[in-house]
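Me: Please take a close look at one part of this structure. I would like the strand pairing around a central strand, then its setting.

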Amino acid sequence: MTQPIIELFNISKSYGTFKALHETYLNFSPGRVYGILGPNGAGKTTLVEIIEGLRMPSSGKVRVAGLDPFVEKGKINAILGVQLQDTHLPEDLSVEELLKLFASFYSKSLPILDLLVLSGLESSRKKRLRFLSGGQRQRLAIALALISDPDILIFDEPTTGLDPMARRACRDLILRLKGMGKTILLTTHYIEEAEQCCDWVMIFNQGRLEIQGTPGDLIRSAGHSICHLTFGTDQHLDLSAFQPFDVEIMSFKDNQLSFRVSDPVGTLMRVLQLIELKGYTLIDLQMKKPSLEDVYLEILNNTQTTHQPEEVCI
Amino acid sequence: MNAFFHLTKSYLIETLRSPTALFWSLAFPLVFVVGFPYLFSGGQSERIAYIIPGVLTINLIAASFFGISLNMVTQREKGLFRQFRVTPLKKHTIISANAAHAFIVTTLSLIVQLVVAMLLFGIRIHGSWTGLILACLFGMWAFIPLGLWVGSTARDTKTAPAITNLLFFPFMFLSGAAFPLFLMPAFFQKLAYWIPATYVLELIQGAMVRTFSIRDSLGAIGILVATGAIAFILNALFFRWESQQKINLKHLVLALLALILLYGGAFLLKPQLYSLVQPG
C-alpha cells in the first residue's frame, strides 16, 4: 500500500463556539486527485488551509510529506503549490513579471515559457494583471502554484465565478496536471468538475466529512435509479396509486413525474401496468442512474435534517 | 537575495506605473517646498534657506508615515502577504524590500525637492553636500523602519491613518520642522529632545545653513542610528502576514520601553541642538 503523502489525525477547528471542522481523520495518497465538495461553510477551505499551515487547528495533527506544516513551514512551502481561494497580486505587474517574481522565491523553478504554455497564457505574457479576464487570472494563480514544480497542489475553488468557457480551460489545465501525476486537492462547488477530474471525492457538510469514495462508488452507494415519466396534457394523475410500489416520488410538475426506484426493472413493469390500467397517456419514459450531483444533494438533504446548524458567535 | 532584488524591483515597477503613486511621492511634496517659503519667509532669502531644511524633514517623515505605513497595511489587507505566505518567501525579505523601495522613492523625492528649491529660491548648501547626503541617509534609516513598523502594528487601513496622524503632527510641530524651535516656549524646547524628527532637522539644517561637522553631529547621528536599529528589530517582531493575527502585547511594551529609554537618555544627555539657537 502506498504511504499517504498527507495525513490528518483527529483535526478539528473552532472559532469561539462555532465548530468549523469537526474531528477529522484523512489520508491522501500520492498521484491522485481529490475533490473536496460541500456547500459554503462546510469546512472545505478550513481543511485545506490547515494543510497549508495557514490556519492552526484546535486539535489534532497534520503531516505533509512527513512534515508538520506549523513547525517546518518553510520546507512545506517549498513542496506545496497553493492557489488560494482569493488571489491578490500587484495589479500593475504583467503576467511574465509576476511569474519571474514568484520564481525568485524558490531555489528551483520551471522555465517561465513552459508555465506560460501550460497555463495557456503565452499571448497574455505582457498583459498587466488588471487587464486579465477572470479566467486568465485563475490560470495565472494556478501557474504561480506550479512554479516550483511541486508534487502536491492545492486548488481552492479555482473555477468559482468563471464563465463556462473559462471554467473549461481551468478544468483542462487540472486534467493536464493530473496526467503529469501530481497529487491534487481540489475544493469546488461544481460537481461535474469533481466527477471529471477527481479519483476520490469527499463530501463535507457543516464541518463534517459525510462520505468519501471514488465518484463511481458514491453513485453506486446511492443504490437507486431515477425515473422520469411524461404524461399527456390534462391528465388527472392519482399519485396515491403509485404509493404501493417501491418508489420515492421526487416531483410531479408540468405533467412529468419523477421518482427514485431501487429495483428499476421490476417496479417499472408494475408502474407501466398501472398506467395502462388507469388509461393514462404516457408520452415519454426516461430512466437514469443518479449522477454525483444527485448523490451530493441527497447527502446534503439527509444531513440537513440530522445536524442542527450551530450559531456563529463573533 | 534574488527574492529581495525581484520584490524590490516589482514594488518600483508598480510605483512607476501608477500615476497616483508618482503624484503623491514626487509631485505633492513640492507643494510644501513652494508653499512654505511663500507663506512664511516674507520674501527674505535667509528665512527661505532656514525654512527649506524644515520642509525636507516634514516631507521625509510624511513619506515614511503616510506613504510607507499605509502601503504596508494595504498590502496586508488586500491579501498580498497571505499570497506570499504560501511560498518560501521570508518576512525579513518582505520588510527589507519594502524598506529598499521606500528608500529609493524617498531619495528621488528629496532630490526633486532640493533641485526645485535651488532653482526657484536659489538655495545654496552652506555646510557640505556630504553632510546633507549623510543627514538624509540617517533620516531615512531612522524613519523608514518606523513607518514600516506603524504599518505592521496598525490593524487595518482605518486605524493606520489615526496612528500616523498621532505621530506625524507632533513630530512636525515639536521637532521645529514647521515652526522654529528657538521661538518655542522652554517646555516645548525640552520636549523636542523626545522627538526623532528633531535630530533629522538638526542634521539637515546643519548641512544646509551652518558649517557641518561630524563631531558636532555625533549625538544626533547616534540617536537616529539607534532609532533605525530598534525600529528594524520591531519590524521583525511585529510583522503580520494577515490582519487577523494578533499583536503580542509584551512586544509592544518592550518596543515602547526601548524607545523611551533611548529618547529619555537623549533628554538627559541633551546633545547639542543648534536649531534651539536663534541664527545670527
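Reply: What follows covers strand 10 of chain A, then the domains, then the contact with chain B.

This is a predicted model: local features need pLDDT of at least 70, side-chain atom pairs count only at pLDDT 80 or more, and totals for chains, interfaces and linings use all residues. Residues are numbered from 1 along each chain as its sequence is written, while chains are lettered from A and ligands numbered from 1 in the order in which they are written.

Strand 10 of chain A spans residues 225–231. Strands (E, at least two residues) and helices (H or I, at least four) are DSSP runs, numbered from the N terminus. Strands pair if DSSP finds at least two bridges between them. Strand 10 of chain A runs antiparallel to strand 12 of chain A (residues 256–261), with 6 bridges joining them. A:L229 stands opposite A:L257 there. Strand 10 of chain A also runs antiparallel to strand 13 of chain A (residues 282–288), again through 6 bridges. In strand 13 of chain A, A:L229 has A:L285 as its bridge partner.

Now the domains. Chain A has domain 1 (6–220) and domain 2 (224–289); such bounds come from an automatic or database domain assignment. Their centres, taken over C-alpha atoms, are 43 Å apart.

Last, the interface. In chain A, 21 residues are in contact with 19 residues of chain B (C-beta atoms, placed from the backbone, within 7 Å). Helix 2 (73–79) and helix 3 (95–103) of chain A each give two or more residues to the chain A side. Helix 3 of chain A supplies the largest share, 4 residues.

Notes: Two residues are in contact if their C-beta atoms, placed from the backbone, lie within 7 Å.
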